[in-house]
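Welcome, and thanks for taking a look. Please bring up the sequence and the fold for a short tour of sheet and helix packing.

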Amino acid sequence: MDAKRLSAEKAVGYIREGMTVGLGSGSTAYYAIQKIGEMVKQGLKIKAVATSLKSERLAKQLSIPVCDPFHIDSIDIAIDGADEADPKGNLIKGGGGSLLREKIIAYASKRFHVMIDESKLVDRLGKFPLAVEITPFASAFTIKHLKALGCNPGLRKTNGDNYITDNGNLIVDCRFEDIGDPAWLDVKLKMIPGVIETGLFSNKIVTSIFVGYQRGEVKEIPVNP
Ligand code: 5RP
């Protein structure tokens, strides 16, 4: 079985009757949502909040009850993929462009389960370009300030047009190559006017990382059990 699917199926095993579940975005989250759909079909009663319009559509197709987060007091567990994870549990996310909603839901959840394949476990973050969501207004200034923090920034495009997030914003992919202090960088980035959110997720909000291996095994790395 695909290593992403293995990690996804393990991570959703913690979902119980009556829980409110945050649904992540991306191809690993797709496997998790499919599995949750099967569990719902077999009678599991849960509520879900989605971190992207794509995941919301998928959940609805699978008859998973999806709520507006505005009407939710707390989230029991959120499950999501990542682009990179270091051994301390810091993450780079946002390869799929859903980082703002993903971060809001992850921070609001009692448990945050991260699902990755072995290729995404790295000693230090930064090889994968860090996605930063910025306002379209005066974006050239914002990008100039991002560059001044030592990265090579590139405005994300799809089919030649600017990529637009579910929130109507732009994404800048920032190549840092090596991020020594993710928490410090996150603060510096968010001090730039025009930056809405970054794809740096602090280890403080991660409960466990589930690493799927090609050889068919899944290892759980507890971060804040
Ligand atoms: C989307 C994300 C994804 O979780 C991340 O990009 C990993 O994606 P995939 O599971 O497709 O490898 O952060 O914004």
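What follows is a briefing on one sheet, the helices beside it and one helix pair. Keep in mind that this is a predicted model. At its sheet, 4 strands line up in the order β8-β11-β7-β12, forming an open, antiparallel arrangement.

**The sheet**
- The edges are held by β8 (152–155) and β12 (195–198), each of which pairs on one side only.
- From one strand to the next, the twist averages 30°.
- Strand β7 (residues 130–134) is joined to β12 by 3 bridges in the antiparallel sense.
- If you would like a place to zoom in, I134 has V195 in β12 as its bridge partner.

**Helices on the sheet**
- Helix α4 (residues 99–108) packs on the sheet and touches β7, β11 (170–175) and β12.
- The direction of α4 makes about 65° with that of β12.
- Helix α6 (residues 182–190) lies across β7 and β12, and runs at about 165° to β12.

**The α2–α3 pair**
- Helix α2 (residues 27–41) packs with helix α3 (residues 53–61) at an angle of about 25°, and their axes are 9 Å apart.
- Angles under 35 degrees count as roughly parallel, so α2 and α3 are roughly parallel to each other.
- Their crossing, that of α2 and α3, is right-handed.
- On the α2 side the contact is made by Y30, I33 and Q34, and on the α3 side by S55, L58 and A59.
- By character, the residues of this α2–α3 contact are 4 nonpolar and 2 polar, with no charged ones.

Notes. Residues numbered from 1 in each chain as written. Predicted model: local features only at pLDDT ≥ 70, side-chain atom pairs only at ≥ 80, totals over all residues. Heavy atoms only, no water. Pairing = 2+ DSSP bridges. Helix = DSSP H or I, 4+ residues; strand = E, 2+ residues; numbered from the N terminus. Axes fitted to C-alpha atoms, helices over the stretch in contact; angles between N-to-C directions. Contact = heavy atoms within 4.5 Å. Parallel < 35°, antiparallel > 145°, perpendicular 65-115°, else oblique. Left-handed = near helix turned anticlockwise from the far one by under 90°. Nonpolar A, V, L, I, M, F, W, Y, C, P; charged D, E, K, R; others polar.
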